[in-house]
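The exercises below ask the reader to work from the coordinates towards a small set of local features. Each task sentence is followed by a solution that goes step by step.

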Amino acid sequence: MGSTSFELSKLLEDATQEDIHSLILKDGKDRGELRYDVSYYPVLEAAEGEELPDTSAGIVRLTLHQAKDLDASKSLSGDLNPMAKVFLGDSKKPSHATAAFKHTNSPVWESAHEFLCADKSSSVVTIKVIDDRDFLKDPVIGYMSIKLTDLLASMGEAGRDWFPLSGCQSGKIRISAEWKPLNMAGSLHGAEQYTPPIGVVKLLLDKATDVKNVEATLGGKSDPYVRVLVNNEVKARTEVINNSLNPVWNEIVYIPVHSSRQSLLLEIMDYQNLTKDRSLGTVDLHLNDLAKPSQDPQYPFESTGPKVTSDRIRLPGNAYKGVLHYCATFIPALALNGVSFDKRDTTTKMVNDTISMSSDHSAPVPLTIKSSTRSLSPPTVSAPSPANSSPASSSPAPEAVNTSQEAVSKEEQTTKGVDMNVDELLAQQSGIIVFNIVSGNIAKKARLEVLLNEGYWPCFSTTKARSTHAEWDLTGEGFIKEIDFNRVWLRLNAADEGDRDDVVAEWKGDAKAFLRSTLNAVHTFTLVDDHDDNISTVKIETRYVPVPVKLEPRESFI
């Protein structure tokens with residue numbers, strides 16, 4: 001009927017373009033109008049010295065390299081014309097098909113295909129090798145089916161790109177897969193990835209002695225501060241002590257933790273005004289030194305007691321310089337029910353570039369290859385079906401092992417939680433606020449930061465929005481000391497992380513009122529600047545997990 005066009009460069013200005021009106025033209029004549037939306041999700045890249053972030057959404061590049069020793073008994077003449085088809089999830093239509101190679105039992109396809117995956121943990125890839133017989137019905141020579149997470153885990157190790165085919169007497173197929181993480185709403189720290197906390201670690205960061213001097217060549221001294229990282233994310237930090245190799249902070253921070261296997265990284269940093277801050281070394285703190293399982297079902301873990309220690313500060317290359325003096329104590333959280341958020345369908349579950357072809361080979365098949373552990377052993381292969389059976393009639397494969405929650409111990413999974421209503425929750429003075437930052441209509445592309453307890457450092461920050469119509473769907477948390485006296489501060493910061501703040505708009509309110517409006521319901525907050533301009537709105541939902549902390553006099557407003 002006609003065509004229209006869209007300039008992709010517009011997505012660099014605003015990654016979400018909504019309600020676009022374009023004329024449909026053919027031979028220079030108006031054939032109507034097309035209305036549509038366009039969104040851009042960039043591939044995430046690792047910052048220098050950091051690992052690539054793990055996301056639930058991404059682009060998969062799947063390459064079908066070759067097959068060998070295919071079962072020729074499927075052909076009356078013993079001559080095969082093999083091709084391969086890729087099926088994603090429960091789709092009955094193939095998303096990709098290779099070319100057919102004539103008269104060979106060992107074809108080399110080298111055929112690549114990319115597709116968008118919105119949920120890596122639940123995705124399954126099925127490949128069927130077909131004998132192309134032109135006018136006759138094309139039989140399935142053999143097939144394989146594997147979870148995407150298991151396929152990606154098998155990459156990068158020699159010999160693990162060959163997979164046996166099921167439903168046949170012989171045959172192997174060589175495939176590879178590459179994962180490209182996307183900056184898509186909910187893909188990095190979405191509600192589905194959130195695990196309720198088991199407690200908090202109270203850290204008294206006292207002082208450091210004889211730290212590394214990175215300003216010696218300029219005749220000065222380092223400007224140290226401590227930041228606390230969990231899973232490569234900054235959870236808290238101290239103030240900067242200028243021009244000192246023996247800084248004294250004497251600050252208390254609280255870090256929510258989710259598993260007895262977690263570790264905290266205490267990194268001493270040198271503050272730089274114009275350039276990137278520099279590391280002065282690290283100290284590891286393991287949670288299993290602070291917490292142990294308890295017999296109380298309301299508090300599944302208990303403290304092993306305060307750990308007062310002075311640890312040497314480790315530099316790269318197993319060298320040491322300086323000592324960090326601190327005290328760490330684990331405080332258990334109440335095992336509360338309902339610490340989760342309803343799933344929001346912000347993207348299509350799986351997007352396939354489906355090609356038009358027959359669906360004769362769409363009969364579902366069970367998983368034929370699974371990974372039972374995360375060791376270096378090859379994936380487990382289920383027993384192949386007899387050669388004369390079809391994929392649809394194959395006996396079910398053994399149940400696949402779910403590896404998505406391996407970081408959580410059995411004690412943490414089996415605990416029965418406590419039920420509390422809103423009024424009962426808000427009677428608990430201290431606890432962990434869990435934020436689900438849903439979306440926003442903002443005056444300028446920015447990060448939404450959440451600050452608690454009159455703090456100067458955000459307890460949680462979203463990624464910088466790529467559009468003024470922000471779709472974050474991110475989950476974070478922070479510890480609140482006194483719900484009756486503390487305040488919540490929401491601010492839109494247009495600066496990139498690590499740069500000088502550029503606050504566009506903000507909102508401040510009492511913590512208890514904030515929680516009452518957001519517990520179990522999405523609430524819209526209006527943020528403005530000092531002149532009541534740059535009006536922005538953000539949608540937030542929360543949960544609250546009580547933690548019975550006894551505050552020191554200097555921490556309390558009472």
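## Exercise 1: a strand residue and its partner in space

Leu88 lies in strand β4, which covers residues 82–88. The model is a predicted one. Task: decide whether Leu88 is buried or exposed, and state how far apart Leu88 and Ser123 are in sequence and in space.

Solution. Begin with the accessibility of Leu88, whose relative accessible area is 3%. Since buried means under 20%, Leu88 is classed as buried. Next, take the C-alpha atoms of Leu88 and Ser123, which are 7.3 Å apart in space, although 35 residues separate the two in sequence.

## Exercise 2: aromatic pairs

Task: find how many aromatic pairs the model holds, and determine the geometry of the pair formed by Phe6 and Tyr36.

Solution. Rings are taken as paired if their centres lie within 6.5 Å, and by this rule the count comes to six aromatic pairs. For Phe6 and Tyr36, the ring centres are 6.4 Å apart and the planes stand at 80°, so this pair is edge-to-face, given that planes over 60 degrees apart count as such. The pair links distant parts of the chain, with Phe6 in the segment before α1 (10–13) and Tyr36 in strand β2 (residues 29–39), 30 residues apart. As for accessibility, Phe6 is partly exposed at 22%, whereas Tyr36 is buried at 18%. A last step turns to the cluster that ring pairs build from Phe435, Trp507, Phe514 and Phe525.

## Exercise 3: one face of a helix

Task: identify which residues of helix α5 are buried, and examine how they are arranged about its axis.

Solution. Helix α5 spans residues 511–518, and in it Ala511, Phe514, Leu515 and Thr518 are buried. Viewed down the axis of α5, the buried residues fall within an arc of 95°, so they line one face of the helix. Phe514 is also a member of the ring cluster with Phe435, Trp507 and Phe525. Continuing past the helix, one meets Asn520 just after α5, with a positive phi of about 65°.

## Exercise 4: charges over rings

Task: establish which rings lie beneath Lys120 and Lys128.

Solution. For Lys120, the charged end sits over the ring of Trp179, at 4.6 Å from its centre. For Lys128, the ring is that of Phe87, over whose face Lys128 lies at 4.9 Å from the ring centre.

## Exercise 5: salt bridges

Task: state how many salt bridges a search of the whole structure finds, and characterise the bridge between Glu114 and Lys180.

Solution. The search finds 25 salt bridges, among them the one in which the side chains of Glu114 and Lys180 meet at 3.0 Å, N to O. This pair links distant parts of the chain, because Glu114 belongs to strand β6 (residues 108–117) and Lys180 to strand β10 (residues 172–181), 66 residues apart. Both partners can then be classed by accessibility: Glu114 is partly exposed at 32%, and Lys180 is partly exposed at 23%.

Two further bridges can be treated in the same steps. Arg133 and Asp131 meet through their side chains at 3.0 Å, N to O; Arg133 is partly exposed at 25%, while Asp131 is buried at 2%. Glu552 and Arg554 form a salt bridge at 3.4 Å, N to O, with Glu552 partly exposed at 29% and Arg554 partly exposed at 46%. Finally, a network of salt bridges links Arg447, Glu449, Arg491 and Asp501.

## Exercise 6: positive phi in loops, and a surface patch

Task: locate Asp27 and Asp532, give the phi of Asp27 and of Asp532, and then name the residues of the nonpolar patch on the surface.

Solution. Asp27 is in the loop between β1 (16–26) and β2, where its phi is near 55°, a positive value in a residue other than glycine. With a relative accessible area of 71%, Asp27 is exposed, as the class begins over 50%. Asp532 is placed in the loop between β30 (523–527) and β31 (536–546); its phi is positive, about 60°, although Asp532 is not a glycine, and at 54% relative accessibility it counts as exposed. The nonpolar patch consists of Phe485, Phe557 and Ile558, which together have about 370 Å² of accessible area, and Phe557 lies in the segment after β31.

Definitions and conventions
Residues numbered from 1 in each chain as written. Predicted model: local features only at pLDDT ≥ 70, side-chain atom pairs only at ≥ 80, totals over all residues. Heavy atoms only, no water. Phe/Tyr/Trp six-rings, centres within 6.5 Å; stacked < 30°, edge-to-face > 60°. Helix = DSSP H or I, 4+ residues; strand = E, 2+ residues; numbered from the N terminus. Buried < 20%, exposed > 50% of the residue type's maximum accessible area, 1.4 Å probe, protein only. Lys NZ or Arg CZ within 6 Å of the ring centre and 35° of its normal. Patch = residues over 30% accessible without salt bridge, like charges linked within 9 Å, V, L, I, M, F, W, Y side chains within 5 Å. Areas by Shrake-Rupley, 256 points an atom, 1.4 Å probe, with all protein chains shown as cover. Salt bridge = Lys/Arg side-chain N within 4 Å of Asp/Glu carboxyl O. Arc of directions from axis to C-beta.
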